[in-house]
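User: I'm new to this structure and would love a close look at a single part of it. Could you walk me through one strand and what surrounds it?

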Amino acid sequence: MKFIHDYRHFIEVGCTACGRKHTVSKGKYNVTMQGYSFHTPLACTCGSTASTASKENRTWTSKAEQHDIPKRNKATTVKMMLVIGFVIVFFAVEMNYMFHS
Ligand SMILES: [Zn+2]
């Protein structure tokens with residue numbers, strides 16, 4: 001099953017095989033990392049049964065993007081630090097050369 005919508009009192013899920021919509025009352029499912037797991041397997045009229053409903057990837061990609069932002073900033077900071085470091089070394093070498101000549 002694929003998770004469609006949370007109506008607070010029940011959740012709406014869709015059959016991954018035929019696309020038929022089903023509802024699961026609150027208290028008859030658990031929220032998991034992947035989505036929802038039903039206490040009793042949900043049988044569709046098309047013959048397929050499912051005990052879990054996966055959440056849409058969209059929700060997870062947006063969360064991943066949020067995690068990527070600090071990483072990108074960190075990488076930029078490291079690059080900046082390296083550039084500044086090289087500049088300092090360059091000037092130190094230049095100064096050393098000037099003092100010796
Ligand atoms: Zn079905």
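Analyst: Happy to! Let's start in the turn of a hairpin: between strands S2 and S3 there are 6 residues, and one of them, Gly19, takes a positive phi near 90°. Please keep in mind that this is a predicted model.

On either side of that turn, S2 and S3 (residues 21–25) run antiparallel and are paired over 5 bridges. One pair to look for is Glu12 with its bridge partner Thr23 in S3.

Before going further, here is the wider setting. The protein chain holds 1 helix and 6 strands, and along the sequence they follow the pattern β-β-β-β-β-β-α. Of its 101 residues, 9% count as buried. Among contacts with a separation of 6 or more, 29% are between residues 24 or more positions apart.

Now to strand S5, the part I suggest you look at closely. S5 pairs with strand S4 (residues 29–31) in the antiparallel sense, over 3 bridges. A hairpin of 3 residues links S4 to S5. If you find Asn30, you will see Ser37 of S5 standing opposite.

S5 also pairs with strand S6 (residues 49–54), again antiparallel, and here 5 bridges join the two. Two pairs are good landmarks: Gly35 has Ser54 of S6 as its bridge partner, and Ala43 stands opposite Thr49 in S6. The hairpin formed by S5 and S6 has 5 residues between the strands, and in its turn Gly47 has a positive phi of about 110°.

What does S5 give to the interior? The largest nonpolar core has 9 residues: Met1, Phe3, Ile11, Val13, Cys15, Tyr29, Tyr36, Leu42 and Ala53. Strands S2 (10–14) and S5 (35–43) are the elements that each give two or more residues to this core.

Leu42 is a good core residue to zoom in on. Setting aside residues up to four places away in sequence, Leu42 touches Met1, His22, Val24, Thr49 and Ala50. Met1 is itself a member of the core, while Thr49 is the residue opposite Ala43 in the pairing with S6.

His22 in that list takes us back to strand S3, where this residue lies. Is His22 buried, partly exposed or exposed? His22 counts as partly exposed because 19 C-beta neighbours lie inside 10 Å. Leaving aside neighbours within four places in sequence, the contacts of His22 are Met1, Val13, Cys15, Leu42 and Cys44. Met1, Val13, Cys15 and Leu42 are core residues. As for Cys44, its C-alpha atom is separated from that of His22 by 8.1 Å, with the two residues 22 apart along the chain.

For a contrast, turn to Arg8, in the loop between strand S1 (2–6) and S2. Arg8 has 6 C-beta neighbours inside 10 Å and therefore counts as exposed. The phi of Arg8 is near 70°, a positive value in a residue other than glycine. The two hairpin residues with positive phi that you met earlier were glycines: Gly19 between S2 and S3, and Gly47 in the turn between S5 and S6.

To retrace the walk, S5 pairs with S4 and with S6, gives residues to the core, and its Leu42 touches His22, which lies in S3.

Technical notes. Residues numbered from 1 in each chain as written. Predicted model: local features only at pLDDT ≥ 70, side-chain atom pairs only at ≥ 80, totals over all residues. Core = buried A, V, L, I, M, F, W, Y, C linked by C-beta atoms within 7 Å. Buried ≥ 20, exposed ≤ 12 C-beta atoms within 10 Å, placed from the backbone. Helix = DSSP H or I, 4+ residues; strand = E, 2+ residues; numbered from the N terminus. Contact = placed C-beta atoms within 7 Å. Pairing = 2+ DSSP bridges.
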